[in-house]
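Subject: Structure handover

Hello,

Here is the structure for you to take over. My notes on it follow below.

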Amino acid sequence: MRPRLFPSFARGLQPYLTRRMLTLLALGFASGLPAPLVFSNLSIWLKDAGVSRTDIGLFALAATPYAINFLWAPLIDRLRLPWFCATFGQRRGWALFTQLWLMAAILWMSFASPGQHLLMMAMATLLVTTASATQDIVIDAYRIEVLPAEQLGNGSAVAIWGWHLGGTVIGGAGGLYLAKAFGWHTAYQVLALAVLVGMLAILLSPEPQRRSVQAVDEEEEKTRARLAARFPSRLAALLAWMNSAVVAPFAEFMRRDGWLLMLAFIFLFKFGDAMLGRMSGVFYRELGFELDEIANIAKLYGFAANMLGVLLGGVLAHRLGYLKALFVAGLLAAATNLTYSLLAVVGQQTWMLAIAVISDNLTSGLVTVAFVAYISSLCNVAYTATQYSLLASLGNLSRIWLSAGSGYMVDRLDGNWSVFFLITAALALCGLPLLWLLMRRFPTHTEVARRTDSG
């Protein structure tokens, strides 16, 4: 059996052993790095500074740019930045521009003092999330355009591994270790420099070939010619550009069967996990865990479990398809929320914290790789940045806006964390009925975008 298994295993690894995948790993790192700086670690910093649970929950609103970045995604697709795009290309130019912006924003955040100037911290956080959300548009578009359709699952897994390397290990655990040793301000200053990893990856990588731009340009020229009969030439050109950049990507998506059902599912699918993730750091601190304990278990053990979940999620998606894999992973993710209720009952027990974190991160990996591959498969590569950011934004919308009340909910429950996590488990099931309808009524809808691109 061994001679047969080894070549099969080697063939399975081969798609990952390329320079292209290394680039996606580094870009995933750059995408994940800001997440703990505005979510979990920031919640702990605010808690240590004496900020109330309700106000900590409201800080989720500062992450609104992740939910609405589809509004400026057409600019990423079509607008050429002076010097940056001329020198590096459309995708690489925008990436470098947003990474410089992100580094400066994290540095500003590092100088804020939430105990005395909470508004300044909120403004700095908003600037970081805006830069990060813009960077995500570029990185997601780059990933989809640089990969053939059959490698989207592999590329999604690599991007997620990179995301957790940047977000969970370096930004998350590394940030907590740095904060314990040197304080929060120094920790954020050091992590601002880690943005250089993404910049280096962009500088050493080629600009992707945008396979459908010619067709889009031809359609834009036809529209301009039609409008030129009614408007001055410059106005006609501007209106044609706006139609191509803003209207066409959404119009193409809305011509598909079941598009409203797809959007509703994407919006609701990760709601329960969002409620849990917003307050988990506060929960750990209220139980009495130290920063290094949280870093060791919630970040490093969680990272290992998540990477295993991503690997298993790729296998699950390949064997069952994206929709069935999402259904199975969604059920498991809802069930693992219950382990946090048990932790609340048991109290400050390291072994129970490890069980809760490992099980939650394992199922999160299963969910994430199938979810990212699914929404990637829905994108027509003629409008990659705009369509992907629309779908990803909807997934973020519930995570950000609806989870903003998570701290208020815990306060209304008089700090009863066990009941709170039971509620998050129930909320995690909200999207599954819609997913079941998609599976029954539109089982092949993920093929539409690729057919329209190739046909």
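Start with a salt bridge: the side chains of Asp-411 and Arg-53 meet at 2.7 Å, N to O. Keep in mind throughout that this is a predicted model. Asp-411 sits in helix H23 (residues 406–412) and Arg-53 in helix H5 (residues 53–58), so this pair ties together parts that are 358 residues apart in sequence. Asp-411 has a relative accessible area of 25%, so it counts as partly exposed. The bridge is also part of a network: Lys-47, Arg-53, Glu-286 and Asp-411 are joined by salt bridges that share partners.

Salt bridges between H4 and H17

The count of salt bridges comes to seven. One of them is between the side chains of Lys-47 and Glu-286, at 3.5 Å from N to O. That pair links distant parts of the chain: Lys-47 is in helix H4 (residues 40–48), Glu-286 is in helix H17, and their positions lie 239 residues apart in sequence. Both ends are partly exposed by the numbers. Lys-47 is at 29% relative accessibility. Glu-286 is at 30%.

Arg-285 forms a salt bridge with Asp-48, with the closest N and O atoms 3.1 Å apart. Arg-285 is in helix H17 and Asp-48 in helix H4, so the pair ties together parts that are 237 residues apart in sequence. Arg-285 is partly exposed, with a relative accessible area of 22%. Asp-48 is partly exposed too, at 38%.

Aromatic pairs

How many aromatic pairs does the structure hold? The count is 20. Take Phe-283 and Trp-417 as one of them: the ring centres are 5.1 Å apart and the planes are at 45°, so the pair is tilted. Tilted is the class between 30 and 60 degrees. Phe-283 lies in helix H17 (residues 271–287) and Trp-417 in helix H24 (residues 417–427), so this pair ties together parts that are 134 residues apart in sequence.

Are these two residues buried or exposed? Phe-283 is buried, with a relative accessible area of 0%. Trp-417 is buried as well, at 7%. The cut-off for buried is under 20%.

There is also an aromatic cluster. Ring pairs link Trp-83, Phe-84, Phe-88, Trp-94, Phe-97 and Trp-101.

Cavities

The structure holds three cavities of 30 Å³ or more. The second largest has a volume of about 40 Å³. Which residues line the second largest cavity? They are Phe-269, Asp-273, Gly-330, Ala-333, Val-367 and Ala-428. By class, that lining has four nonpolar residues, one polar and one charged. Asp-273 is the charged residue and Gly-330 the polar one, because Asp counts as charged and Gly as polar.

Around Ile-170

Ile-170 is placed in helix H11 (residues 152–182). At 32% relative accessibility, Ile-170 counts as partly exposed. Its C-alpha is 9.3 Å from that of Gly-32, and the two residues are 138 apart in sequence. Leaving aside neighbours within four places in sequence, Ile-170 is in contact with Phe-29, Leu-33, Leu-165, Gly-175 and Leu-191.

Helix H20 and its end

Helix H20 covers residues 338–346. Which of its residues are buried? They are Thr-339, Tyr-340, Ser-341 and Leu-343. Just after H20, Gly-347 takes a positive phi of about 95°.

The whole chain

The protein chain has 26 helices and zero strands. Of its 455 residues, 55% are buried. Among contacts with a separation of 6 or more, 83% are between residues 24 or more positions apart.

To recap the links by helix: H4 and H17 are joined through Lys-47 with Glu-286, and through Asp-48 with Arg-285. H17 also pairs with H24 through Phe-283 and Trp-417. H5 and H23 are joined through Arg-53 and Asp-411.

Over to you.

Conventions
Residues are numbered from 1 along each chain as its sequence is written. This is a predicted model: local features need pLDDT of at least 70, side-chain atom pairs count only at pLDDT 80 or more; totals for chains, interfaces and linings use all residues. Side-chain values use heavy atoms; hydrogens and water are left out. On a 1 Å grid over the protein atoms alone, a cavity is a set of points where a 1.4 Å probe fits but cannot get out, and a pocket is an open set with protein on both sides within 12 Å along at least five of seven lines; lining residues have an atom within 4 Å of a point. Grid points are joined across faces, edges and corners, and a volume is the space filled by probe spheres set on the points. Helices (H or I, at least four residues) and strands (E, at least two) are DSSP runs, numbered from the N terminus. Buried means under 20% relative accessible area, exposed over 50%, partly exposed in between (1.4 Å probe, protein chains only). Contact means heavy atoms within 4.5 Å. Rings of Phe, Tyr and Trp (its six-membered ring) pair if their centres lie within 6.5 Å; planes under 30 degrees apart count as stacked, over 60 as edge-to-face and the rest as tilted. A salt bridge is a side-chain nitrogen of Lys or Arg within 4 Å of a carboxyl oxygen of Asp or Glu.
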